[in-house]
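Colleague: Please take a close look at one part of this model for a first-year student. Start with the whole chain, then keep to that part and what lies around it.

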Amino acid sequence: MIHIVFQEADIAALEKSFELDETLRADIIQIKDDYAVGPLRNLYTPEGIEARKQWWREVLAGGDYDGKADTGEIDDTKAVADLKERLDNNPEEIIWIWAAQNKHDVSGYYWLMSQLKDYQGKIFILYLNNLPFLNEKGNLFYPVNLFEIPAKEFVKAKKLAREI
């Protein structure tokens, strides 16, 4: 099993649930780019990928993140290629995509699904849209991000996995 999340803080939140339920323990891959902003035209072509990278160069220029667009630190195209290779090489491998109701997760999900369409039946979505959870004080709340959910609630949420 491979877990996919869309925000860095989601990784630590999901990892905490592994201590409560060993069946969840698996690699976690983060789709790092925020597909809710910036150019998306021809995003699956080398030209479109380069246009997006150029846009990030301009957005990040002059600040603490200047040059980050060229470090290779954020390379979702490579992450998807690695996922496909793992799925191709292991017929038992499955992917769980965790998404909350926010533009970052939803946009990332749609970007990712268009590239994994050949793997239907091996991909599962855990879309935590408008679902109430219990916080640390036992009160109901509706999370906007996965990292807001306590570990014990991830264990319960695994029942929501739906095959794509």
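Modeller: The account below goes from the whole chain to one loop, then to a pocket and the nonpolar cores.

The model is predicted, so local features are used only at pLDDT of at least 70 and side-chain atom pairs only at pLDDT 80 or more, while totals for chains, interfaces and linings use all residues. Residues are numbered from 1 along each chain as its sequence is written, and side-chain values use heavy atoms, without hydrogens or water.

The chain has 5 helices and 7 strands; these are DSSP runs numbered from the N terminus, helices being H or I of at least four residues and strands E of at least two. In sequence order the pattern is β-α-β-α-α-β-α-β-β-β-α-β. With 164 residues, the chain has a radius of gyration of 17 Å, close to the 15 Å of the globule rule, so it is as compact as a globular protein of that length. That radius is taken over C-alpha atoms, and the rule is 2.2 Å times the number of residues to the power 0.38. The C-alpha trace spans about 45 × 40 × 25 Å along its principal axes. Of the 164 residues, 40% are buried. Buried means under 20% relative accessible area, exposed means over 50%, and partly exposed lies in between, with a 1.4 Å probe and protein chains only.

The part chosen is the loop between strand 2 (27–30) and helix 2 (46–60), where Asn42 lies. Asp34 and Tyr44 lie in this loop too.

Take Asp34. With a relative accessible area of 19%, Asp34 is buried. Leaving aside neighbours within four places in sequence, Asp34 is in contact with Arg52, Trp56 and His104, where contact means heavy atoms within 4.5 Å. Asp34 and Trp111 are 77 residues apart along the chain, and their C-alpha atoms are separated by 10.0 Å.

Next comes Asn42. Most residues other than glycine have a negative phi. Asn42 is not a glycine, yet has a positive phi of about 55°. Its relative accessibility is 47%, so Asn42 counts as partly exposed.

Tyr44 also counts as partly exposed, because its relative accessibility is 48%. Without neighbours up to four places away, the contacts of Tyr44 are Trp111, Ser114 and Gln115. From C-alpha to C-alpha, Tyr44 and Trp111 are 9.4 Å apart in space, though 67 residues apart in sequence. Contacts across such stretches of sequence can be put in figures for the whole chain: among those between residues at least 6 apart, 65% join residues at least 24 apart.

Trp56, a contact of Asp34, leads on to the pocket. Asp33, Trp56, Ile74, Asp75 and Asp76 lie nearest the centre of the largest pocket, which is lined by 27 residues. Here a 1 Å grid is laid over the protein atoms alone: a pocket is an open set of points with protein on both sides within 12 Å along at least five of seven lines, a cavity is a set where a 1.4 Å probe fits but cannot get out, and lining residues have an atom within 4 Å of a point. The volume of this pocket is about 780 Å³; grid points are joined across faces, edges and corners, and a volume is the space filled by probe spheres set on the points. Helix 2, helix 3 and helix 4 each give the lining at least two residues. The lining has 12 nonpolar, 4 polar and 11 charged residues, with Ala, Val, Leu, Ile, Met, Phe, Trp, Tyr, Cys and Pro counted as nonpolar, Asp, Glu, Lys and Arg as charged, and the others, Gly among them, as polar.

Last come the cores. In soluble globular proteins, nonpolar side chains tend to be buried together. A nonpolar core is a set of buried Ala, Val, Leu, Ile, Met, Phe, Trp, Tyr and Cys residues joined through side-chain atoms within 4.5 Å. The largest one has 20 residues, and Ile4, Phe6, Ile95, Ile97, Leu112 and Ile123 have the most contacts inside it. Strand 1 (2–5), helix 3 (76–89), strand 3 (95–100), helix 4 (103–115) and strand 4 (123–128) each supply at least two residues of this core, and helix 4 gives the largest share, 4 residues. Another core, of 19 residues, lies apart from this one and includes Val5, Ile28, Trp98 and Ala157.
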